[in-house]
Amino acid sequence: MSISSPSITDLLSLTGRTAIVTGGAMGIGRGIVERLAEAGASVVIADADLEAAETAAKELVEHGRSALAMYVDVGDADEVHRLVADTIGWRGRVDILVNNAGIFPNVPVLDMTPDDFDRVLRTNLRGVYLCSREAALRMRQQETGGRIINVTSIDALHPSSVGLAHYDASKHGVWGFTKNLALELAPHGIWVNAIAPGAIATPGVTAMQATGSGVDMKAVLKAFLAQVPMRRMGAPDDIARTALFLASDLASYITGAQIVVDGGRLLA
Ligand SMILES: NC(=O)c1ccc[n+]([C@@H]2O[C@H](COP(=O)([O-])OP(=O)(O)OC[C@H]3O[C@@H](n4cnc5c(N)ncnc54)[C@H](O)[C@@H]3O)[C@@H](O)[C@H]2O)c1
């Protein structure tokens with residue numbers, strides 16, 4: 001028997017590290033916050049819904065975790081600058097950034113206004129650029145490396161539904177951005193990866209089904225699920241487990257990768 005070192009427990013531990021999770025108040029982001037905090041990280045729950053972020057932080061702190069809510073609109077450069085500065089003010093460092101905040105309003109291109117298009121690109125793509133840049137500047141200065149994890153979508157590779165052309169453009173963009181940034185930041189010990197979820201049960205998906213966008217989202221989702229080999233929607237924790245892996249020392253030699261977490265949907 002060989003004795004491996006470091007141990008699996010040590011490889012998974014995030015003790016002493018500080019993470020920012022955008023869109024961390026609910027859904028996939030909330031799941032990621034919980035796993036990173038469980039692994040020992042101090043986690044900033046950075047969200048445009050401050051009330052929901054504060055509720056999430058309170059629950060985590062009550063369970064003995066280290067978490068703090070902060071308001072941010074990821075598309076606003078000044079707010080993103082302040083988010084990273086306040087994180088440094090709280091724990092003195094930032095080691096992990098999870099770019100998770102994203103919106104997915106469903107609207108066919110022929111009904112899509114320029115504002116509809118810009119709004120999705122602003123949050124989903126510009127937001128990833130702004131947060132990554134601010135966090136990476138700090139990580140480079142710290143000289144202890146870091147991790148940037150971008151939550152893309154299977155729509156970064158293949159469309160899942162009509163009505164998401166602006167969304168698909170944004171997520172393809174994030175995947176391209178991920179690969180180039182990984183090249184640029186590797187010399188600084190900062191690994192940049194993406195997670196591409198399939199259909200995950202979140203408040204955002206529930207809201208999308210309820211909107212009258214001209215696309216029957218209930219029917220779209222039913223048809224989508226019929227093509228998932230695992231025959232279920234994903235849970236936020238399915239994505240959170242992958243995020244924990246990428247944030248941890250288990251992922252010591254991975255950068256510029258995109259892990260598809262979709263129950264096999266892209267195979268179908
Ligand atoms: N749920 C899915 O099926 C699915 C599939 C593939 C990819 N994704 C991606 O996963 C991410 C999270 O999705 P979800 O389903 O958990 O969404 P959700 O709507 O349930 O939660 C999103 C969170 O992001 C926050 N947010 C939105 N805009 C923001 C902004 N400008 N600045 C800061 N915070 C903002 C919201 O307040 C909310 O707390 C998104 O990037 C989404 O594109 C989701």
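Let's start close to the beginning of the chain: proline 6 lies in the segment before helix α1, which covers residues 8–12. The peptide bond that leads from serine 5 into proline 6 is cis, with omega near 0 degrees. What you are looking at is a predicted model, and it comes with a ligand that has 30 residues around it. The points below take you through the ligand and its surroundings, then a buried serine, two residues with unusual backbone angles, and a few pairs to find in the viewer.

**The ligand and its pocket**

- The ligand occupies the space of the largest pocket.
- Of the 30 residues that surround the ligand, the closest are Asp47, Asn100, Tyr167, Ile200 and Thr202.
- Sorted by class, this shell is made up of 16 nonpolar, ten polar and four charged residues.
- Helices α2 (27–38), α6 (165–185) and α7 (203–210) each bring at least two residues to the shell.
- Helix α7 gives the most, with three residues.

**Polar atoms that face the ligand**

- Which atoms of threonine 202 should you look for beside the ligand? An N or O atom in the side chain of threonine 202 is 2.5 Å from an oxygen atom of the ligand.
- How much of the ligand does the protein bury? On its own the ligand would expose 840 Å², and the protein buries 90% of that.
- Glycine 198 takes part through its backbone, where an N or O atom lies 3.4 Å from an oxygen atom of the ligand.
- Valine 72 also uses its backbone: a polar atom there is 3.3 Å from a nitrogen atom of the ligand.

**Serine 42 and its partners**

- Serine 42 is found in strand β2, which runs over residues 42–47.
- Is serine 42 buried or exposed? Its relative accessible area is 10%, and because buried means under 20%, serine 42 counts as buried.
- The side chain of serine 42 makes a polar contact of 2.9 Å with the side chain of serine 66.
- A polar contact of 2.9 Å also joins the side chain of serine 42 to that of arginine 91.

**Residues with a positive phi**

- Glutamate 143 has a phi near 60 degrees, a positive value in a residue other than glycine.
- You can find glutamate 143 in the loop between α5 (114–142) and β5 (146–151).
- Why does glutamate 143 count as exposed? Its relative accessible area is 70%, and exposed means over 50%.
- Arginine 231 has a phi near 60 degrees too, again a positive value in a residue other than glycine.
- The loop that holds arginine 231 lies between α8 (217–226) and α9 (236–247).
- Arginine 231 also counts as exposed, because its relative accessibility is 58% and the cut-off for exposed is over 50%.

**Pairs to find in the viewer**

- Phenylalanine 245 sits in helix α9, and at 28% relative accessibility it counts as partly exposed.
- How many residues lie along the chain from phenylalanine 245 to leucine 36, and what separates them in space? The two are 209 residues apart along the chain, and their C-alpha atoms are separated by 9.7 Å.
- Leucine 12 belongs to helix α1 and is partly exposed, with a relative accessible area of 29%.
- From leucine 12 to arginine 82 there are 70 residues in sequence and 30 Å in space, C-alpha to C-alpha.
- Alanine 165 is part of helix α6; its relative accessible area of 39% makes it partly exposed.
- The C-alpha atoms of alanine 165 and isoleucine 200 are separated by 19 Å, while the two residues are 35 apart along the chain.
- Valine 162 lies in the loop between β5 and α6 and is exposed, with a relative accessible area of 61%.
- Valine 162 and valine 21 are 141 residues apart in sequence, and 29 Å lies between them in space, C-alpha to C-alpha.

Note on methods:
Residues numbered from 1 in each chain as written. Predicted model: local features only at pLDDT ≥ 70, side-chain atom pairs only at ≥ 80, totals over all residues. Heavy atoms only, no water. Near = heavy atom within 4 Å. Polar contact = N/O pair within 3.5 Å; in protein donor to acceptor, adjacent residues only side chain to side chain. Areas by Shrake-Rupley, 256 points an atom, 1.4 Å probe, with all protein chains shown as cover. 1 Å grid on protein atoms, 1.4 Å probe; cavity = no way out; pocket = protein on both sides within 12 Å on 5 of 7 lines; lining within 4 Å. Sits in = over half its atoms within 2 Å of the grid points. Helix = DSSP H or I, 4+ residues; strand = E, 2+ residues; numbered from the N terminus. Nonpolar A, V, L, I, M, F, W, Y, C, P; charged D, E, K, R; others polar. Buried < 20%, exposed > 50% of the residue type's maximum accessible area, 1.4 Å probe, protein only.
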